[in-house]
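Thanks for passing this one along for a look. Here are my notes, written to be read beside the model.

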Amino acid sequence: MSTDESLLRAAIPRELVGVLGVQPQSSSTAAAFTEAFLKNGLRNPQHHDLQEMLTHKALILSYTRPKKKKTSRSSKRAKGGLNARQKRDMKVFTIRPEHQRYELFLPLHNLWRQYILDLCGGLKPTCNPQMVQQKLLKADFHGAIITVVRSRCPSYVGISGILVQEFKHVFKVITRDNKLKVVPKKNSVFEVEINGFVSHIYGGKIEQRAGIRSAKRYKTRTTIDL
């Protein structure tokens, strides 16, 4: 028996028993514990010869990770946030009457103007109008002052104010007399003015949400009038 093996099999010294908090065991007790530990650690202990494994080969104890429980789509949505129906029920997109004031959204309009100037390179007289128009089609209009100049429904013509909410098919606008107007995009033409540059936006061409519209590629073609 080698020196290392003799040290491994040696009994724990008495002075270390109290320090380590263990009690020396007899060889039979240690062998019984080892066999019981191996039986609990192996998946199919009846297919293995424990005595042979301990005598002739090294034993590698592996760790099996616990399987994750499958989560349903509803639980994933709950973690990710509210769905569209829950937002409607909670009236997330509803602007309260006390907040429907034109002057409250003027700072938003100033931010939008600076955003458009940065997007279009300052809107200098030398700018290409077609390039500016293409960028406006992809821009976010929250905070823009828009005016309905043409529409199939005459009652919408002349509505002007700060755009406070944009949905796929409608604009919500706060007018100067503190009224919230809902204007459909389809069959309407909107006028946007920035530093003397006037652009007409055909609502039927932008019937997407702002996030989706920013990634869309628009083709240059003659616009069909109303």
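The points below go from the whole chain to the sheet, its helices, and a few individual residues.

1. **Overall make-up.** Please keep in mind throughout that this is a predicted model. The chain contains nine helices and six strands. Of its 226 residues, 23% are buried. The accessible surface comes to about 17,000 Å², and 54% of that is supplied by carbon and sulfur atoms. Taking contacts between residues at least 6 apart in sequence, 47% join residues at least 24 apart.

2. **The sheet.** How are the six strands ordered? They make an open sheet that reads S4-S3-S2-S1-S5-S6, with antiparallel pairing. Strand S4 (180-184) and strand S6 (197-202) are the edge strands, each pairing on one side only. From one strand to the next, the twist averages 40°. As a reminder, strands of a sheet pair through backbone hydrogen bonds, in either a parallel or an antiparallel way.

3. **S1 with S2.** Three bridges connect these two strands, which run antiparallel. If you want a register marker here, Thr-147 has Ser-160 in S2 as its bridge partner.

4. **S2 with S3.** This antiparallel pair is held over five bridges, and a hairpin of three residues leads from S2 to S3. Gln-165 stands opposite Lys-172 in S3. S2 itself is mostly covered, with six of its seven residues buried.

5. **S3 with S4.** Strand S3 (residues 170-175) is joined to S4 by five bridges, again with the strands running antiparallel. Two partnerships are easy to find on screen: Val-173 is bridged to Lys-181 in S4, and Ile-174 faces Leu-180 in S4. The hairpin has four residues between the strands, and within it Asn-178 takes a positive phi near 60°. That residue would be a good place to pause when you look at the backbone.

6. **Helices on the sheet.** Which strands does helix H7 (residues 106-119) lie across? They are strand S1 (145-151), strand S2 (160-166) and strand S5 (188-194), and H7 runs at about 80° to S5. Helix H8 (residues 129-138) also packs on the sheet, where it touches S5 and S6. The direction of H8 makes about 50° with that of S6.

7. **A buried salt bridge.** The structure holds two salt bridges. In one of them Lys-185 pairs with Glu-166, and the closest N and O atoms are 3.0 Å apart. Lys-185 sits in the loop between S4 and S5 while Glu-166 belongs to strand S2, so the pair ties together parts that are 19 residues apart in sequence. Are these two residues buried or exposed? Lys-185 has a relative accessible area of 0% and is buried. Glu-166 is buried as well, at 10%.

8. **A partly exposed salt bridge.** The side chains of Arg-101 and Glu-103 meet in a salt bridge with an N to O distance of 3.1 Å. Glu-103 counts as partly exposed because its relative accessibility is 40%, which falls between the 20% and 50% cut-offs. Arg-101 is partly exposed too, with a relative accessible area of 37%.

9. **A nonpolar surface patch.** Ile-12, Leu-16, Val-19 and Leu-20 form a nonpolar patch on the surface, and together they offer about 350 Å² of accessible area. One of them, Leu-16, has its place in helix H2 (residues 14-20). Leu-16 is partly exposed, with a relative accessible area of 36%. This patch is worth a look in the surface view.

10. **A long-range approach after S6.** Where does Gln-208 lie? Its place is the loop between S6 and helix H9 (210-213). Gln-208 is buried, having a relative accessible area of 16%. Its C-alpha atom is separated by 4.6 Å from that of Lys-168, although the two residues are 40 apart along the chain.

Conventions:
Residues numbered from 1 in each chain as written. Predicted model: local features only at pLDDT ≥ 70, side-chain atom pairs only at ≥ 80, totals over all residues. Heavy atoms only, no water. Patch = residues over 30% accessible without salt bridge, like charges linked within 9 Å, V, L, I, M, F, W, Y side chains within 5 Å. Areas by Shrake-Rupley, 256 points an atom, 1.4 Å probe, with all protein chains shown as cover. Salt bridge = Lys/Arg side-chain N within 4 Å of Asp/Glu carboxyl O. Buried < 20%, exposed > 50% of the residue type's maximum accessible area, 1.4 Å probe, protein only. Pairing = 2+ DSSP bridges. Axes fitted to C-alpha atoms, helices over the stretch in contact; angles between N-to-C directions. Contact = heavy atoms within 4.5 Å.
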